[in-house]
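Here is a quick walk through one protein model, with a few stops worth a look on screen. Keep the structure open as you read.

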Amino acid sequence: MKLIILAAPGAGKGTQAELLSKHFNIPTISTGAILRKNISEGTELGEIAGKYINDGKLIPDDVMIKVVEERLLESDCKNGFILDGFPRTIAQAEALENSHIKIDAVLTIEVPDEKIIERLGGRLECKNCGSTYHKLYRAPKTEGVCDNCGGKLETRADDKPETVKERLATYHEQTEPLKKFYADRNMLRVAHGREEIADTTAEVIKALQQC
Ligand code: AMP
């Protein structure tokens, strides 16, 4: 299964990607997580990315395309992968198409903007492994501690209200047109994000059964 998850920030793509990754036993490639790791390690890529992420803007296409092309060549992607956060622009989608990697489906998770703003307010992320939690909807067993690895949970720097608004605007302007791009290629599958994570997963599985 080679799958793209296309959704607004905070729509639950990371959470659903994690669950699907376990279900299909394939890795999730989260471009946001790759960038945050590079920022915390102070790499050259991290230095470039930091400037854009903190303003809720997208990292330039040529940089992102190179990052993803290199990652998809790694051996764990041989039997499939889930792309979480890529492509985010038509140029990125065209680059992926030109690389001749055959994508099976593109899943979109629809959530209204008001819900997203409410959700991102309570989101937490593990500094160590990148797992995501929510203070109300997906609380960790021990407050502030990751269930998976015991790492420290923190609020993402780009989840502050001004940046969230900018990220949503960027999504509608630059990423949402990808729905038509993939619908035209008969690859788009639509799921609706629900209040409960398990209900969203049921929608996602139903949408993917059409593959
Ligand atoms: P995410 O964790 O997917 O919400 O990504 C966090 C941030 O990383 C985004 O708001 C962008 O600034 C940047 N980013 C992640 N993926 C991409 C991409 N494919 N193209 C450009 N910027 C990206």
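## Two words before we start

Helices here are DSSP runs of type H or I with at least four residues, and strands are E runs of at least two, numbered from the N terminus. Keep in mind that this is a predicted model.

## Helix H5 and what comes after

With that in hand, go to helix H5, residues 90-98. Which residues of H5 are buried? They are Gln92, Ala93, Ala95 and Leu96. Looking down the axis of H5, these buried residues fall within an arc of 160 degrees, so they line one face of the helix. Their packing partners are S1, H4, strand S3 (81-84) and helix H8 (177-183).

Just past H5 you meet His100, which has a positive phi near 65 degrees. His100 is a residue other than glycine, and it sits in the loop between H5 and S4. Is His100 buried or exposed? His100 counts as exposed because its relative accessibility is 71%, and the cut-off for exposed is over 50%.

## Two more backbone spots

Asn25 also has a positive phi without being a glycine, at about 55 degrees. You'll find Asn25 in the loop between H1 and strand S2 (28-30). With a relative accessible area of 69%, Asn25 is exposed.

The other spot to check is the peptide bond from Phe86 to Pro87, which is cis, with omega near -5 degrees. Pro87 belongs to the loop between S3 and H5, so to speak of the stretch leading into H5 is to speak of the loop that holds Pro87.

## Helix H9: one face in, one face out

Helix H9 runs over residues 197-208, which makes 12 residues. From first C-alpha to last, H9 reaches 16 Å, close to the 16 Å expected at 1.5 Å a residue. Its buried residues are Thr200, Thr201, Glu203, Val204, Ala207 and Leu208. Seen down the axis of H9, they fall within an arc of 160 degrees, so they line one face of the helix.

What covers those buried residues of H9? The cover includes strand S1 (2-7), helix H1 (13-24), strand S4 (105-110) and strand S8 (188-192). Turn to the other side of H9 and you come to Ala198 and Lys206, which are exposed.

## The second largest pocket

Now for a pocket: the second largest one has a volume of about 200 Å³. Its lining is made up of Ile34, Asn38, Leu45, Asp62, Val63, Lys66, Val67, Glu70, Arg71 and Glu74. Sorted by class, that lining has 4 nonpolar, 1 polar and 5 charged residues.

Which helix gives the largest share of the lining? That is H4, with 6 residues. Helix H2 (31-41) and helix H4 (61-72) each supply at least two lining residues.

## Asn38, from the pocket into H2

Asn38 is one of the residues lining the second largest pocket, and it is found in helix H2. Asn38 counts as buried because its relative accessibility is 16%, and buried means under 20%. Setting aside residues up to four places away in sequence, Asn38 touches Thr43, Leu45 and Gly46. Leu45 is itself among the residues that line the pocket.

## Arg36 and Glu125

Arg36 is another residue of helix H2. Arg36 is partly exposed, with a relative accessible area of 22%. Arg36 and Gly50 are 14 residues apart in sequence, yet in space they are 8.1 Å apart, C-alpha to C-alpha. Beyond its neighbours up to four places away in sequence, Arg36 touches Glu125 and Arg156.

Follow that contact to Glu125, in strand S5 (residues 123-126). Glu125 counts as buried, at 11% relative accessibility. Leaving aside neighbours within four places in sequence, Glu125 is in contact with Arg36, Gly130, Ser131, Thr132, Lys152, Leu153, Glu154 and Arg156. Arg156 thus appears among the contacts of Arg36 and among those of Glu125. Glu125 and Val145 are 20 residues apart in sequence and 9.7 Å apart in space, C-alpha to C-alpha.

Key
Residues are numbered from 1 along each chain as its sequence is written. This is a predicted model: local features need pLDDT of at least 70, side-chain atom pairs count only at pLDDT 80 or more; totals for chains, interfaces and linings use all residues. Side-chain values use heavy atoms; hydrogens and water are left out. On a 1 Å grid over the protein atoms alone, a cavity is a set of points where a 1.4 Å probe fits but cannot get out, and a pocket is an open set with protein on both sides within 12 Å along at least five of seven lines; lining residues have an atom within 4 Å of a point. Grid points are joined across faces, edges and corners, and a volume is the space filled by probe spheres set on the points. Ala, Val, Leu, Ile, Met, Phe, Trp, Tyr, Cys and Pro count as nonpolar, Asp, Glu, Lys and Arg as charged, and the others, Gly among them, as polar. Buried means under 20% relative accessible area, exposed over 50%, partly exposed in between (1.4 Å probe, protein chains only). Contact means heavy atoms within 4.5 Å. The expected span of a helix is 1.5 Å times one less than its number of residues. The arc is that of the directions from the helix axis to the C-beta atoms.
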